[in-house]
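Got the viewer open? Let's take a short walk through some charged side-chain pairs, one selection after another.

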4 protein chains.
Amino acid sequence: MTVINGYEQSDREEKLDILNLPSLEKKAKDIIPTGGFGYISGGSEDEWTLQENTTAFNHVQIIPRSLTDMENPNTETSLFGNKLSTPIMMAPAAAQGLAHSQGEKATAKGVASVGALMSQSTYSSTSIADTAAAGNGAPQLFQLYMSKDWDFNNALLDEAVKAGAKGIILTTDATVDGYRESDIINNFQFPIPMANLAKFSEGAGQGKGIMEIYAAAAQKISPADVKRIAEYTNLPVIVKGIQSPEDALLAIGAGAKGIYVSNHGGRQLNGGPASFDVLHEIAKAVDHRVPVIFDSGVRRGSHVFKALANGADLVALARPIIYGLALGGSQGVASVITHLNDELKIDMQLAGTQAIEDVKKAKLFRK
Amino acid sequence: MTVINGYEQSDREEKLDILNLPSLEKKAKDIIPTGGFGYISGGSEDEWTLQENTTAFNHVQIIPRSLTDMENPNTETSLFGNKLSTPIMMAPAAAQGLAHSQGEKATAKGVASVGALMSQSTYSSTSIADTAAAGNGAPQLFQLYMSKDWDFNNALLDEAVKAGAKGIILTTDATVDGYRESDIINNFQFPIPMANLAKFSEGAGQGKGIMEIYAAAAQKISPADVKRIAEYTNLPVIVKGIQSPEDALLAIGAGAKGIYVSNHGGRQLNGGPASFDVLHEIAKAVDHRVPVIFDSGVRRGSHVFKALANGADLVALARPIIYGLALGGSQGVASVITHLNDELKIDMQLAGTQAIEDVKKAKLFRK
Amino acid sequence: MTVINGYEQSDREEKLDILNLPSLEKKAKDIIPTGGFGYISGGSEDEWTLQENTTAFNHVQIIPRSLTDMENPNTETSLFGNKLSTPIMMAPAAAQGLAHSQGEKATAKGVASVGALMSQSTYSSTSIADTAAAGNGAPQLFQLYMSKDWDFNNALLDEAVKAGAKGIILTTDATVDGYRESDIINNFQFPIPMANLAKFSEGAGQGKGIMEIYAAAAQKISPADVKRIAEYTNLPVIVKGIQSPEDALLAIGAGAKGIYVSNHGGRQLNGGPASFDVLHEIAKAVDHRVPVIFDSGVRRGSHVFKALANGADLVALARPIIYGLALGGSQGVASVITHLNDELKIDMQLAGTQAIEDVKKAKLFRK
Amino acid sequence: MTVINGYEQSDREEKLDILNLPSLEKKAKDIIPTGGFGYISGGSEDEWTLQENTTAFNHVQIIPRSLTDMENPNTETSLFGNKLSTPIMMAPAAAQGLAHSQGEKATAKGVASVGALMSQSTYSSTSIADTAAAGNGAPQLFQLYMSKDWDFNNALLDEAVKAGAKGIILTTDATVDGYRESDIINNFQFPIPMANLAKFSEGAGQGKGIMEIYAAAAQKISPADVKRIAEYTNLPVIVKGIQSPEDALLAIGAGAKGIYVSNHGGRQLNGGPASFDVLHEIAKAVDHRVPVIFDSGVRRGSHVFKALANGADLVALARPIIYGLALGGSQGVASVITHLNDELKIDMQLAGTQAIEDVKKAKLFRK
């Protein structure tokens, strides 16, 4: 255990024996301090959208197939030409030092070890360079919470380019903080600095609440910003927080090279639809012009399958992986992704789908 | 604490630290006497409609928007040319002396302090003049429970005009008392006189049950009454208790200058639809001829947003504000409205809506 | 208390103070012996249909109306020219001696005292003549469980005609006993003779289970039986147990002068629809050729209203009235019907319906 | 009690007094060891599909019929010319030695005693010959988990032919093991050898988990296998695990003489539809070319009725029969089937259906 500003960080580093992802939450709650756990696990307001995110996967069903003449389904895929062992990726969650003393470094290491895609948050506990190094050359994306201060934005983008990021995720659904009641109940303030803020903010976020952190971010984000970031970095820009076909097309028109369908895991606008419920219409509008990343509510291999079959190219999640990080460090991260991918493979075999491309073409059932 | 006829009224006057509006109910229950709390919180029969009123907001969802190029959403709006800081208004709930010794005076003061619209019930604990004075010039509406006795009606309307009311709300959904079981269980009789009844009824309602109070009211209310009141007062008449497009048109035809969509917070006809479920069709029928006020079940900023997006111009509520009154007097009232408006502002920002007019044009999602 | 064959019958005779009908069940359970209570309250199998019968009323809603210019709604109606004070009638439930020592005599007396319609079961605890006498000239119907033995059938019909019955209800949905698990758990056998069986069956059913009783009844009931009974009695025959438009038309073709929509209160075929859910289509098919009686699941005034608005002419119920019988004898019966009718009147006023004919024309809302 | 490798097997042999099938589970849990009970009762992942399998029967309702002029419904039917007393059959569940020392022998004996159809799993605890002998000449089907080793397959098929099997069920929905969490929690390994594996696998499965057992089975099953088995055995091949009209037609094209609609009782692909929800469309596609067997979730006579009315010719179940086996041996098995058939007969009488063919033509109601 590492203690930083009175906050107790896990130091564990071990492979996990995982029954299923939902069962990790209780175990993680036992070792992550209350404030940190509330920040990680909570959603906004009464968490209707957070809960609906997972429930919504029951709105459609996978059809078991017969006489399929196949075996050994293969989960390999790619993004922007980068080969990946699995369509499951790490979502760009902030402040992973809340769960483990090695923070995003351990996450990146674990993600890389299973051939998955890493993405890193602006508000990460470790720096872009350190996280990239821990990932050992495996592909990573950098997520930008656009600041009002373009010097800050450019500095981060410079670092990301230098670190070899394969793309920039521009988050657009957090121009103010969602109303997260668990943070208020816990009077939660970040006990650990955010490495990327060090040069631009005294304390680097340490001792601040998420509302104050977001206050420094830009509320106004426009299509022009997509273009600006793309030109500045010469990297593909993925617009995150898309929940409607209209906004997907707007983003593509603005130069987005990827669409990231997400409602921020139910942490921002409560009373919005389950992310899964809007995925299909968005994917139809995107019509394969650019890849579609999906997150929010994913806990099961069948969720990954259904998201792919409904139009996603990659499927991201964060909370369960962060719980794995707390419980087992980089190996815990790898255990979580491996377990989820194993569930996915069972589903692929039983649904008669050899490859990820076959999953994407699978018809779903709606009662 | 003030004790009147053995009933203990709160005297509190302080700003409240509010997590959310639903959490106020339990706190208020601890300080409002049983009979009063049952009268305020209860609905009719098994409260199916009361509960459905709030559940129904989940039937549609707000779509988070991306790349909206906006910040600092503005909740200002107006009614009949009166400027308001927020579309959230106080519904004309009766007998607020049950919650606080200052009754409607404190409510009016708190409502005015945040630039919202006040409305006062015929059955208020304080007089029209006193309530108006406490509101300090801020706009107020007067709600009429039409009596069989037109001398009484005219006297009240005279007082309202004199006090500067900006309009008259004519309640039409309470021609008999809904079957409110909590009042029967508590054998509830008003312990506190109703100021406006003083001249016309011995005891002014004190010691009577709501069924007896309503018995003095008119069961027969016709379109001609709308015209009569409008001509007598020269004020806009808002017909309250509309739950169908047909009745909205009937009321407008009769001269109504506002339509108030409400099922009396589930206190009248149980087994009727959630008020929110009928709003959209009514607003379509009204077609902007006159403003639409909506109430019943509102507890969250997202509810306000959804009501506006479904056709409301103003959104009213009473119970949570009365709980705020009990817990903090006029400052408690202000705290409740401010909190709800803050939730609304977060929703507006995340839904990409700069102004109330933009909210009204926002498309909602229905799964 | 009267003890008969070890079974304790209530002797109570008093007016009841009723909050609502559902609350009567618990009170009645305290004074009716276990076996009898199980027989009265239970349904078949896992009681899905029994529960759905009441839940289904929530599938449609009553629309509150505004500016209706009416007061003092009137619940008078009629059947076959017989004037009734209320559309609420007593369903032909068996063996009311299980609830009260005066059995159907007290029920008939209570029903008559409030101007409602009585119907009496073949398997009643008191004889046709005694029940008729107790009803003091008020209209009654006689319900026939058709026996394999036509001497028995004719004898009962003769008695019914002689007693002045206004019609014969022919039950067709009980050609075998539904699988009622509470009777099996309680090993329930009728402790009290069935008066009408006295001449034809030793013990008159006493000491037998419902399955044995039904075994003596006819399994084969055909359209010809409707004609036979009608010709034999010269009385209108009402076919009970209709759950489809097809069977309603078949029955009318066979000479039925009334259609009784019922699923036997969820006591027969479990896994069938809620009776309310099939009412509207049946009433459309009947198209006012003959009156429609409805039962199954009615507990609230709003249920009566919705059934009338969906095509019923009369609305029957039994369990809550039998609970009233146990708790207060004939006055208890009257209290229950009066309470339910009072709830109905509130609904009529708030829905702007002056008379039962107006209720029948009221449009319902379906979300 | 027989103890084998430390596992306690029931030896009971007695007729059971059955209230209903769902109530058997708790009783069986008390006498079957934890690991065995978990294997028998459990489903995959969070058991959504397992639960939905039974819930889905509530999606449609049986219509009670009136004036049907019938009695004594008859449940006789047939498969491939083999006469059966009931459309209820034993599903080919594995390893019944977990429930009873006599395993499938007792099951076959009990099934035969009530004139029902037996089917036996490849992974049965008793050999094909022994099970057939116990069935005493009554019709049986043999279910094949196709091995990668065709010597093994052919040897089993030879035995089945020799034992007089009336058909071969080829299971196609278990090419990998579903993710069954109860087996993992219990670290369950088969304590009892699987008789049919004796010649080909040391230990015959004893001490292995279901995942290892399945690993020896073929993942690749193709239409050509249907043809191969049919030609090798000259018996009708029934393809089991069909959940879509497309696969039903594919199987028939490949030579299947029967379609077995099943999702393996929710033990394989979790997140798939309730088996009942896909039955109707499949039966429409099959269009009476070959018989349709249905299983998954059946617990009530009304479930059997609904499955038949939605297109099934025979309705299989396993868990409740295995509980009957544990509680009463062959007589327990007979008691379960008899009870379920008795419930079916009540439903047939009340729905006006004389014969199984009439049930198949019954219209169902969907709210």
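One bit of vocabulary before you click: a residue counts as buried under 20% relative accessible area, as exposed over 50%, and as partly exposed in between. Keep in mind that this is a predicted model.

Start by selecting Arg65(A), which is partly exposed because its relative accessible area is 31%. Now add Asp247(D): these two side chains form a salt bridge, with N and O 2.7 Å apart. Arg65(A) sits in the loop between strand E3 (61-62) and strand E4 (77-79) of chain A, while Asp247(D) belongs to helix H10 (residues 245-253) of chain D, so this pair joins two chains. Is Asp247(D) buried or exposed? Asp247(D) is buried, with a relative accessible area of 2%.

Next, hop over to chain C and pick Lys26(C) and Asp30(C). Their closest N and O atoms are 3.7 Å apart, and the two form a salt bridge. Both are in helix H1 (residues 24-31) of chain C, 4 residues apart, which puts about one helical turn between them. Asp30(C) and Lys26(C) are both exposed.

Now go to chain D and select Glu357(D) with Lys360(D). Here the salt bridge spans 3.1 Å from N to O. The pair lies in helix H14 (residues 356-361) of chain D, with partners 3 residues apart, about one turn of the helix. Glu357(D) is partly exposed, at a relative accessible area of 45%.

For a last stop, select Glu45(A), Glu181(A), Arg300(B) and Glu343(B) together: salt bridges with shared partners link them into one network. Want to keep exploring? Over all chains, the count comes to 47 salt bridges.

How values were computed
Residues are numbered from 1 along each chain as its sequence is written. Chains are lettered from A and ligands numbered from 1 in the order in which they are written. This is a predicted model: local features need pLDDT of at least 70, side-chain atom pairs count only at pLDDT 80 or more; totals for chains, interfaces and linings use all residues. Side-chain values use heavy atoms; hydrogens and water are left out. A salt bridge is a side-chain nitrogen of Lys or Arg within 4 Å of a carboxyl oxygen of Asp or Glu. Buried means under 20% relative accessible area, exposed over 50%, partly exposed in between (1.4 Å probe, protein chains only).
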